[in-house]
Amino acid sequence: MNPLPLLSLVVFTPWLGAAVLALLRGISPATTRALTLAFSLSTLALSGLLLFQFDPHSLSPQFVERHPWIVALNVHYHLGLDGLSLLLVLLTGLITPAALLASWSHLSPSLPLPLSPSSSPRLFGSLFLLLQGAALGVFLALDFFHWFLFWELSLVPAFFLIKLWGGPGAPRAAYQFVVYTIGGSAFMLVGFAALFVATGTLDFAQLAQLGRDGTLAVKLSGGAHEVVFLGVLLGFAVKVPLWPFHTWLPATYAEAPTGAAMFLTGVMSKMGVYGCIRILWPIFPTPLHNAAPWLIVLALGGVVFGAFAAIKQTDLKRMVAYSSINHLSYCLLALFAVSYATDRNVATGPAVSAAFSGTLLQMFNHGLSAAALFACVGVLQTRKAHALSLPSSGTGVPPVSLHDFGGVRTAAPILAGLCGLSLFSSLGLPGLNGFVGEFLIFRGVFGLHPVAAAIATLGLLATALFLLTFWQRVFHGPRAGVTATAFAELNPIELATLLPLAALMVVCGLFPGLLTGLFNPLITSWADHLTLP
Amino acid sequence: MSLSAQYLWIIPALPLVAAAIGALTPRSGRSLVAGAAIVALVLSFFISCAALSTALANPAAHLTHNFIWFELGNDTVRLGWLLDPLTAFMCTMVTFVGTLIFVFSLGYMQGDENFKQFFCFLSLFAAAMLGLLVANSLLLVFICWELVGLASYLLIGFWFHKPAAAAAAKKAFITTRIGDLGFLLGLLWLYDSAGSLLLYDNGNGVLEATVLGALGSAATVCGLSVASAIGLLLFCGAVGKSGQFPLHVWLPDAMEGPTPVSALIHAATMVAAGVFLMARVYPLLTPDALQVIAIIGAITALLGATIAVAQYDLKRILAFSTVSQLGYMMLAIGVGAPSAAIFHLLTHAFFKALLFLGAGSVIHAAHHEQDIRQLGGLSVKMKLTFSTFAIGTMALVGVPLFFSGFWSKEAILHAAHATAGSHFPFYAALVGVVLTAFYNTRLMAETFFGHARSHAAEHAHENSAVMTTPLVILAFFAIALGFLGTPAYPWLQARLSGETAVHGHSLLDGVGLLVLSSVLVAVGIGAGFTLYGRTRRLRTKATAPDPLAIAAPRTHAFLGDRLKFDELYAATFGVVNTLLATASDWFDRYVWGGIVHFFALLGEFSGTVNREADEQGLNGGFDATSETLRATGQAYSRAQTGDAHGYLRFLAIGFVVLALVAMLGGVA
């Protein structure tokens, strides 16, 4: 056992930060910023420690903390970390500080109304840290009880961040986001309540064991098994989102302030995929297998229609949001294809490992590039607000359209370069991070369900189309619109937001082994035990 | 000098370093970046020469060096380098032609404010292209394939402030990506069936007997064997990259890039990558697949030459000529003569680079005027450019015996004639020969003869040595290279086929074809000269109509509009794309969004009903009761002196504590 409860530290340090910020009433905005950033960086620092001690070859969770909590309900406080969790903890550690840097103006006191809550840097900082801690809790909890607490708690700070600091339509978008997601989660909660009644446990590992050996199907007889599965599925389907449960997403991402949008797409969108891999697939192998042909169709819907809907968007944030739907649908497609092919053909081992590796890489890589893209759009938004003498944050902030700019590359070559890098990473250019994950997903899906892979290539084409249109309209051509007058190049804070992400895109693209090394033994064992009861 | 395959990576790595230097140097570091780019490529050229001598020592060998990229499940994903004559010849050509074009660019791009960036992108291109050539893994080929696409995108759109250039760059990227999706699927299929993407791997590579045997015996899909399907999917990638029908539409637009780019990327090297790919995976290609390749190649050869007849833009004529020549190469692959295809690829690289640089020299001298109607009379003003351009044209046309294009085209015609498959490609190729001779004669006559028809052309004068020296060197090779592969001593083809012995035969064998193609060339030149070249036929005014336009105005206009392919695609794929996008968006907003909205309204409605029922029905009674209670309570509170809020607060806290104790179960 570890002498230090490292994982608890990972989860609760940001919350401690939130509490500290809440209590220190009189501190200056500069101190607030420094404290927020420092506490958010704790995750990165601690995951450095974790990386150092982590053994990728051990297949069971590491750094486990397990204490009885509510004995009457057989609930344990149970944290643990494997390759999958580690990857996402790392991602959270990287994205949160970047998102905070992108929110630098929200952490500054320069806003006009001193009494409105949205002018309080402390509130912003502590909400963000609360959000970070909740997401980390989701990635580390191994017992449904507090996993669900973290899952739901993440909504509260997200709601306020969107509502108070978002664009003109933010209150409505935030409301829809929270109600829709809670609606999905409610079904999941009922499902787990039924599981608890039937099995008496809420521990993921134990439930997975029962799911694997068929006990669950026996205990939940008469269709209850399928109903419970559907309930849990619905919770994740809304969260990821799975097409067509995605309609909350474009509005939410578009209205959210830049930093929150970066976190939503970079980290929170991974919570759903994570849940599918950690919970849905192990606990419900048979129902998932049976539903897989239909679910593949829905995932393909996300891949294809998500990308095509993005072509139609003129609001840049909505466009990037749709691109997120498309990218995450690849992850789901891979998972469903694995489930679909389970037991159909024994020779699918390499395809299954490719599908899983691809999914995990895609989660990480999409986190980097989508967050970077939102940061770039955020910069464009700030410039537009500046040119129109509007506030650069809050409800007065103007939406950014495809037609607002022109020739930005002439005015701000560094912004153009970094945004171009993110775009090409996002459209899967080899040599950058996005390619490896997508290639492996396609490799896996092709081996398991070739037709689905062939249809999904349409998504690749449409993605290239809208991302290059974005690039062409905004960055190329003569200087026009907002760019016609002064257009400032990236300032140091914006550079600090984008440069680390850009560097990682290149590094992860050239050396995917750095990431796959963390989880390869894990997914190999998953691929080896792919049989239905 | 010999070179181990292990060190082959240095060839692409050097330009990559130059590109990195270019990226990190500020805009003012012009000479540093250009110098680094040229030095790197020259060094790569020397290493390529070493590689060539190694490969020629044992042409049948495929020297490889494979390494693990990352682990995947129980398997690993491996990449590697490959050295064989194909790689070595291509690398030598790319680095040599590339160096000359880099040097030419020093002069051509001199006044451009983004001079530094230009050399950075050129180096990036060279690195990706060379990586593609030395790759021993189809995955690595694909990676570099996409990267050359990126470099091409950046360079076509180099003058991105021009909307036409920005649009052309996007069009090129998207069009080639359509082909690349086929490539990707072929790659995945091959990966899935063979379990590896290494080309040569001690007997387990995808081009080696074990895998080929297994693929050959695999089941059929829709009447196609798996091997044919994979071959055709890979060919899709080549169709996109090499501007083959029906994806040729991007290549003429790519001429929006600076002319050295057109010479290097869109004539000599990148567009030939598709031909290279097909030659590389030739062992995989089944007769069915080859038949399709030959026919597509033949259509492209004919199509390009036909459209070129009615173009007025100097560079676009050359671009369509490139399309047509690439068709010839593809045709050669299809009729089973990959070595003839590569021979033509190599000679074409030299003479087409020469022609494009010559065109660049003209355009630079004529202040960026590239409409041939506005030029004229340059033969006296630019003697060196004119004479080298003439050599390039004769090589392209295939003027007999002394020009490289003649011999390489001859090899293709021979192979097409000897093929067991359809003879359509052969006849198409013959017609193409006439057309090629015709439109090139027209090009020469309009550009270099007669009077200068614009202010720009009048004041044109020869360029500096930095631009003309590459022309002279390329002109030398446009002649000399042909002698490496004459039927009498087909040294190049023998080495490419892995043979050490050269089996030549007398030129009198198959002399009929030799004579036939010479006659066809003569017919084409004669027709061109009659219509455009005779003194009284020479164009006098820029606005004078083309003789063909007078003879057949509608056909000429149709050809001038490139057979309306762009319009056709816009009306079909463009519309489908827009419809799909609109439908996706509409569904989201109104159908899925509507359903969600409906549920929200339902919730709101039931809430309202509930509330109304509560307020009006239930609460009516309660209100009365509670009013009484409130009055009583007020009376009590007035009577008492204690703080009711304080009591309530204690009560609440006590309740919470009790609840917590119960939940944690600690006390019980």
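This report looks at chain B of a predicted model, from its overall build to one helix and its contact with chain A.

## Overall build

Chain B is built from 26 helices and four strands. Its radius of gyration comes out at 34 Å, well over the 26 Å that the globule rule gives for 668 residues, so chain B is more spread out than a compact globule. The C-alpha trace tells its own story, spanning about 130 × 65 × 55 Å along the principal axes.

Even so, 55% of the 668 residues in chain B count as buried. Take the contacts in chain B between residues at least 6 apart in sequence: 79% of them join residues at least 24 apart.

## Helix α22 and its cover

Helix α22 of chain B runs over residues 511–533, and its buried residues are L514(B), S517(B), L520(B), V521(B), G524(B), I525(B), G528(B) and Y532(B). That spacing fits a general pattern: an α-helix has 3.6 residues a turn, so residues three or four places apart point the same way.

What sits over those buried residues? The cover includes three helices of chain B: α16 (383–397), α17 (404–418) and α18 (424–448).

## Where chain B meets chain A

The contact draws 42 residues from chain B and 48 residues from chain A. On the chain B side, β1 (63–72), α5 (138–156), α6 (163–194), α25 (565–639) and α26 (644–664) each supply at least two residues. Helix α6(B) gives the most, with 14 residues.

As for chemistry, the chain B side that touches chain A splits into 25 nonpolar, nine polar and eight charged residues.

How values were computed. Residues numbered from 1 in each chain as written. Chains lettered and ligands numbered in written order. Predicted model: local features only at pLDDT ≥ 70, side-chain atom pairs only at ≥ 80, totals over all residues. Buried ≥ 20, exposed ≤ 12 C-beta atoms within 10 Å, placed from the backbone. Contact = placed C-beta atoms within 7 Å. Nonpolar A, V, L, I, M, F, W, Y, C, P; charged D, E, K, R; others polar. Rg over C-alpha atoms; globule rule 2.2 N^0.38 Å.
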